[in-house]
Amino acid sequence: MRSVDDLLAEGVSGRRVLLRTDLNVPLDKQTGEITDDGRIQASLPTLQALRDGGARVIVTAHLGRPKGAPDPQFSLAPVAARLGELLGTTVPLAADVAGDDARAKAAALGDGDVLLVENVRFEAAETSKDDAERGELADRLAALADVYVDDAFGAVHRKHASVFDVAERLPHYAGRLVARELDVLTRLTQDPERPYVVVLGGSKVSDKLAVIEALLPKVDRLLVGGGMCFTFLAAQGHGVGNSLLEADQVDTCRRLLAEAGDRIVLPVDVVVAADLTDDAETTVVSVDAIPDGLKGLDVGPRTVELFGTELGDARTVFWNGPMGVFELAPFQAGTRGVASAVAAIDGLSVVGGGDSAAAVRQLGLDEEAYGHISTGGGASLEYLEGRELPGLAVLADGSGQ
Ligand code: ADP
Ligand code: MG
């Protein structure tokens, strides 16, 4: 896989570079302001290196899930503004993805200039299952530039036009963020230092069962918290009240528990409440006494202690998924406690997942205390599952030139 440094060594001055980045930041629903600019920050090293090399950079990215048509709510305008602030320059935004305005603005770029084109998901073709539809958009994107750099690690598991098809049409290179993410994930999959402990939380068990299956043979311990722990607790025969439960996954969880023996570690207590509010009245209960009608919304203090002990001697940790509804103050303590224990290990600690990374920042934990905070939740999980990621496979092969 050629890297952006190979491209810089070839000389990039005056060349037009199409750069796919991950700028999918969370926006405040009321004000539309960016609430966490971590992904924009993470895109800067590659972008700045290309500018320093004199490239004319055309950035393409997606934001949220617009329905394949322009929608002002998902415009990249706030991102263009923030990107400009961080780079100390003006970043114009093309009104379209790869149409007349994008072409005109791309043609007007000078050396070291940056253009952002509008949300690539404003074109239904971006995410289409139809190769020809994606190909038509990829043709127009490719026509904007001479070479392609993919730095959107958070999107490499998608077979999308701006991630996959365009790379087949231009000489292609991996950006610095993609290279760094791959470097860390390789260290997790090839001979990790032991004990290797994985901590999983978050909301949907069905999303993460595949990764649990794939990781079980490789890890020394798997700690399960968050909304997904209740399906496991149900599989052990506990009542879970009104907590998140995926009834159709209970049998699978039961089988996994049987296979894993004591390597899967579940919570021993949980914080319950009647509803999801920031002034909810909460109670801590043992997992065998979850009252009917209440929801488990965080792991309890004895669980934080137990998980802390299980993490104590770990030399490699991968953590994905908050332990509770960390967005609300009454349910933050579990995530804060476990996140601190992950940070404290003597070895490589990796945080993966959009919400998990946001939790680290929002709870005021020290980002530097982690070995790596991945910007791509889905992508890092699929990589750990051992699946081939289309956006990486296409970068690795020699086509498109
Ligand atoms: P990531 O983005 O890090 O991969 P997920 O998207 O899987 O994480 O899950 C994050 C969400 O899980 C958060 O919005 C959080 O509120 C929710 N969550 C965690 N614990 C619970 C719980 N006990 N009940 C309901 N939702 C939960
Ligand atoms: Mg998430």
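**Exercise 1. A network of charged side chains**

Task: Determine which residues are linked with R361 in a network of salt bridges, and state how many salt bridges a search of the whole structure finds.

Solution: We begin with the network itself, in which D36, R361 and E367 are linked by salt bridges. This is a predicted model, and the positions discussed in every exercise are to be read in that light. Turning from the network to the complete search, we find 26 salt bridges in the whole structure.

**Exercise 2. Three salt bridges and their surroundings**

Task: For the pairs D220 and R194, R221 and E310, and R387 and E382, give the N to O distance, and then say where the lines of sequence information and accessibility allow us to place the partners.

Solution: Step one concerns D220 and R194, whose side chains meet in a salt bridge with an N to O distance of 2.9 Å. This pair links distant parts of the chain, since D220 is in the loop between α7 (205-215) and β7 (221-224), while R194 is in the loop between α6 (176-189) and β6 (196-200), 26 residues apart. D220 has a relative accessible area of 27% and is therefore partly exposed, and R194, at 44%, also counts as partly exposed.

Step two takes R221, which forms a salt bridge with E310, the closest N and O atoms being 3.0 Å apart. Because R221 lies in strand β7 and E310 in helix α10 (residues 301-312), the pair ties together parts that are 89 residues apart in sequence. R221 counts as buried, because its relative accessibility is 17% and the cut-off for buried is under 20%.

Step three is the pair R387 and E382, whose side chains meet in a salt bridge at 3.9 Å, N to O; this distance satisfies the requirement of being within 4 Å. R387 is partly exposed, with a relative accessible area of 45%, whereas E382 counts as buried at 16%.

**Exercise 3. Helix α6 and the loop after it**

Task: Describe the span of α6, name its buried residues, and work out what is unusual about the backbone at D191 and at the bond between R194 and P195.

Solution: We start with the helix, which has 14 residues and reaches 20 Å from its first C-alpha to its last, close to the 20 Å expected at 1.5 Å a residue. The buried residues of α6 are L177, V178, E181, L182, V184, L185 and L188.

Next we follow the chain into the loop between α6 and β6, where D191 is found. D191 has a positive phi of about 60 degrees although it is not a glycine, and with a relative accessible area of 72% it is exposed. P195 is found in the loop between α6 and β6 as well, and a cis peptide bond, with omega about 0 degrees, joins R194 and P195.

**Exercise 4. Strands and their partners**

Task: Identify the partner of β1, and then explain why β8 and β14 are left without a neighbour on one side.

Solution: First, β1 and strand β2 (residues 56-60) pair in the parallel sense over five bridges, and within this pairing R20 stands opposite T60 in β2. Four of the five residues of strand β1 (residues 16-20) are buried, so β1 is largely enclosed by the rest of the structure.

Second, we write down the open sheet of six strands, which has the order β8-β7-β6-β12-β13-β14 with parallel pairing. Because β8 (264-265) and β14 (372-373) stand at the edges, each with a single partner strand, one side of each is left without a neighbour in the sheet. At the β8 edge, β7 and β8 pair in the parallel sense over two bridges, and L223 stands opposite V265 in β8.

**Exercise 5. Cysteines and aromatic rings**

Task: Decide how many disulfides the structure contains, how many aromatic pairs it holds, and which residue lies over the face of Y173.

Solution: A disulfide requires two cysteine sulfur atoms within 2.5 Å, and by this rule the count comes to zero. C229 is in no disulfide, since the nearest cysteine sulfur, that of C253, is 10 Å away. C229 counts as buried at 1% relative accessibility, and C253 is buried too, with a relative accessible area of 0%.

For the rings, the structure holds zero aromatic pairs. The residue over the face of Y173 is R2, at 4.8 Å from the ring centre.

Definitions and conventions. Residues numbered from 1 in each chain as written. Chains lettered and ligands numbered in written order. Predicted model: local features only at pLDDT ≥ 70, side-chain atom pairs only at ≥ 80, totals over all residues. Heavy atoms only, no water. Buried < 20%, exposed > 50% of the residue type's maximum accessible area, 1.4 Å probe, protein only. Phe/Tyr/Trp six-rings, centres within 6.5 Å; stacked < 30°, edge-to-face > 60°. Lys NZ or Arg CZ within 6 Å of the ring centre and 35° of its normal. Expected span 1.5 Å × (residues − 1). Pairing = 2+ DSSP bridges.
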